[in-house]
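Work through the exercises below with the structure open beside you, and try each task before you read its solution.

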Amino acid sequence: VKGVFQATPSDSIVFTAADTLAPFKSFRFEDSDESILKRCLVEFGGGVDVVNSDLLIEECTFRKNDKSNTTGVIDLFYANPLVLHCSFYFNEGPAILSGANSESSPVIEGNLIYRNNTLNTNMPQINLGTSSPGIAILIKGNTIEGFYNKAGGIAVTTLAGGNLDCVIDSNVIFNNRYGITAYGFDISSIISNNTIYDNNIENLPMQGGSGINFWGGTSNASQVYGNEITGNLWGITVTGDALPNLGQVEPDTLNPGG
């Protein structure tokens, strides 16, 4: 799609393969800000490439997609889409992914993200790299349930340089290899009001199992407050010189902690 594609049915539209053993290539959107996928079921495809497109994806279901077209089901490259109230389950790779240097700031809100990464590679169900300049990534109000013991919950990373700003708020994250990781340098994050529990399924405490993990230098700074963290192999782990703020109330309340 290099123009505009809008699927906005009153009920639903199904995009599927004629032969479920031979997935179709699926979608690629380029420079297509006005495109919409709404109330669509996308199954047995190769994933959705989103290139320089700030499209709307709402109330859709993505299931049993492979990695023949993309690494993640929704694969972002210089794109800031809205992904709202969708379901992702039983896909071979992560639900939503952006490259290490592709400067994308999606809004990911109100989604059910369930048992993805069926190939059981070392990847989380949401895996995001650098954010767009001046625009924070928002991951809010999602339920992220794992099953495969190499698959984590949420990772925000700057492995290839660049900057990342994000807000991770009011999610429920459980039964993954780990809950949340902020990994790298030049990361500014707010991690608040999440329920993070029983992320312990790999059961190797020297390799994972954190509720929240921070790795990097002093430029990896986070405000962490209002979270409930229980039943993981570790609660919060800090490695390298990362500087999360877990609560600062004196002399002024800079972070309520809790």
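**Exercise 1: Contacts and burial**

In this predicted model, residues 24 or more positions apart account for 66% of those contacts in the chain that have a separation of 6 or more. Task: state what share of the 258 residues in the chain is buried.

Solution. Begin with the cut-off, since a residue is called buried when its relative accessible area is under 20%. By that criterion, buried residues make up 50% of the 258 residues in the chain. Then turn to the outside, where the accessible surface comes to about 10800 Å², and 50% of this surface belongs to carbon and sulfur atoms.

**Exercise 2: Elements and overall size**

Task: find how many helices and how many strands the chain has, and then judge its compactness from the radius of gyration.

Solution. Counting the elements gives 0 helices and 28 strands in the chain. The radius of gyration of the chain is 18 Å, close to the 18 Å that the globule rule gives for 258 residues, so the chain is as compact as a globular protein of that length. As a last step, look along the principal axes, where the C-alpha trace spans about 60 × 40 × 35 Å.

**Exercise 3: Following an open sheet**

Task: give the strand order of the open sheet of 10 strands, and identify its edge strands.

Solution. Reading across the sheet, the order is 1-4-7-10-13-16-19-22-25-28, and the pairing is parallel. The edge strands, each of which pairs on one side only, are strand 1 (6–7) and strand 28 (243–245). Strands of a sheet pair through backbone hydrogen bonds, either parallel or antiparallel.

Now follow part of this order step by step. Strand 19 (residues 164–169) runs parallel to strand 22 (residues 187–192) and is joined to it by 6 bridges, with aspartate 169 having serine 192 as its bridge partner in strand 22. Strand 22 is in turn joined to strand 25 by 6 bridges, again in parallel, and here serine 189 stands opposite serine 222 in strand 25. Finally, 3 bridges join strand 25 (residues 220–225) to strand 28, where leucine 243 is the bridge partner of alanine 221.

**Exercise 4: Two faces of one strand**

Task: decide which residues of strand 3 (residues 27–30) form its covered face and which form its uncovered face.

Solution. Sorting the residues by face, Phe27 and Phe29 belong to the covered one, whereas Arg28 and Glu30 belong to the uncovered one. Next, find the neighbour: strand 3 pairs with strand 6 (residues 48–51) in the parallel sense over 4 bridges, and glutamate 30 stands opposite valine 51 in strand 6.

Technical notes. Residues numbered from 1 in each chain as written. Predicted model: local features only at pLDDT ≥ 70, side-chain atom pairs only at ≥ 80, totals over all residues. Heavy atoms only, no water. Pairing = 2+ DSSP bridges. Helix = DSSP H or I, 4+ residues; strand = E, 2+ residues; numbered from the N terminus. Rg over C-alpha atoms; globule rule 2.2 N^0.38 Å. Buried < 20%, exposed > 50% of the residue type's maximum accessible area, 1.4 Å probe, protein only. Contact = heavy atoms within 4.5 Å. Areas by Shrake-Rupley, 256 points an atom, 1.4 Å probe, with all protein chains shown as cover.
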